[in-house]
Amino acid sequence: MGVTAGINYPWSVFQGKPNYGCDFGWNKWDSHAGVTAHFDDVRSDFQSMAQAGIEVARWFVFTDGRGGVAWNASGELVGLADRFVDDMDAALDIAASTDVRLCLVLVDFAWIDDAVRRAALDSAAFNERVLDPFLERYGSHTAIHSLDVINEPDWVTAGLATNPKRGVWPIAALRAFVRAAADRIHEKSSALVTLGGGQVKFAREWDDPAYGLDIVQVHSYPDVRYQDRDDSVFGRSAADFGLTKPLLIGECPPDPRAHPDGHLSPVYSLEDYLQLARDGGYLGAWPWSFKAVDAFGAPRLEAFLEHRAAFRQSPREIGNS
């Protein structure tokens with residue numbers, strides 16, 4: 001498994017606003033802003049990615065439960081939302097036609113903040129009513145590179161959360177949910193299974209067989225003011241982590257000069273991350289984000305073209321061999 005040129009899409013921009021949670025299906029505002037509502041815009045985005053040599057786009061699907069899924073009046077998860085199939089069909093058609101495959105992020109950690117929504121993950125509701133029908137229709141689709149079960153669950157998991165008050169999800173519940181999803185995906189799909197770990201220091205947690213993952217993924221957002229808050233990927237190869245699975249830097253900032261208030265990035269550029277991935281045996285380094293959906297800004301796409309030849313000249317297996 002060689003180095004993969006990937007990027008975080010991670011959601012479209014609709015009518016000038018980031019479309020978090022609304023790219024697929026009807027949303028909680030009783031409206032629709034999904035892929036089919038601005039198909040040409042999304043296709044143009046993927047054409048630009050393809051021209052830059054990007055192979056995989058990491059795209060959020062159900063996020064915090066505001067779109068793509070249906071709830072009844074009592075707060076029970078019912079299943080896929082209206083228009084979800086239309087939007088996912090369109091997204092996969094775009095991916096297939098541009099040869100930019102998808103890493104689909106099923107759930108975002110913000111889902112866990114609401115106790116009613118969390119119950120759908122603690123029970124079998126999400127896996128049976130959302131994931132199973134999704135896999136029945138799309139599990140064999142070749143445009144799907146991987147399925148990321150949940151994004152950055154460490155922020156809301158007891159014993160992992162940096163803010164203990166937010167760590168409301170027992171780690172046993174997290175492991176059970178991810179493993180049940182991973183087993184279903186492995187049964188019905190050839191897609192790789194991963195989880196978007198929010199901190200580098202927990203890489204070995206995601207390597208635990210309890211999760212059933214194929215790829216360990218960490219997100220790297222170093223802050224020069226708090227250098228002890230998380231581990232760094234720089235100065236370390238993937239093998240240095242001592243993992244049993246390939247290691248992906250699934251999110252990283254693209255430009256040290258662009259960052260939110262309250263965060264101060266070190267001088268590492270996207271080119272530095274891409275070189276680290278190539279030379280350090282990582283599965284890739286995927287910048288956040290193509291659409292500049294927040295203050296971290298957008299990456300310089302030419303960097304992928306500059307590194308593409310180098311990626312192809314580095315076919316070695318990654319991991320710990």
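This report covers the overall fold and the internal cavity of a predicted model.

**Overall build**

The protein chain contains eight helices and twelve strands. Its radius of gyration is 18 Å, close to the 20 Å that the globule rule gives for 321 residues, so the chain is as compact as a globular protein of that length. Along the principal axes, the C-alpha atoms fill a box of roughly 50 × 45 × 40 Å.

Contacts tell of the chain's path. Take the contacts between residues at least 6 apart in sequence: 75% of them join residues at least 24 apart.

**Surface and interior**

Buried residues make up 56% of the 321 in the protein chain. The chain exposes about 13,000 Å². Carbon and sulfur atoms supply 48% of that exposed area.

| Property of the protein chain | Value |
|---|---|
| Radius of gyration | 18 Å |
| Box of C-alpha atoms | roughly 50 × 45 × 40 Å |
| Buried residues | 56% of 321 residues |
| Exposed area | about 13,000 Å² |

**The cavity**

Rolling a probe the size of a water molecule over the atoms shows where empty space is left. How many cavities of 30 Å³ or more does the structure hold? It holds one. The volume of the largest cavity is about 30 Å³.

Which residues line the largest cavity? The lining consists of Arg58, Cys103, His145, Ser146, Thr194, Ile215, Gln217, Leu248 and Trp286. By class, the lining has four nonpolar residues, four polar and one charged. Arg58 is the charged one, because Arg counts as charged. Cys103, Ile215, Leu248 and Trp286 are nonpolar, because Cys, Ile, Leu and Trp count as such.

Note on methods:
Residues numbered from 1 in each chain as written. Predicted model: local features only at pLDDT ≥ 70, side-chain atom pairs only at ≥ 80, totals over all residues. Heavy atoms only, no water. 1 Å grid on protein atoms, 1.4 Å probe; cavity = no way out; pocket = protein on both sides within 12 Å on 5 of 7 lines; lining within 4 Å. Points joined across faces, edges and corners; volume = space filled by probe spheres on them. Helix = DSSP H or I, 4+ residues; strand = E, 2+ residues; numbered from the N terminus. Rg over C-alpha atoms; globule rule 2.2 N^0.38 Å. Buried < 20%, exposed > 50% of the residue type's maximum accessible area, 1.4 Å probe, protein only. Contact = heavy atoms within 4.5 Å. Areas by Shrake-Rupley, 256 points an atom, 1.4 Å probe, with all protein chains shown as cover.
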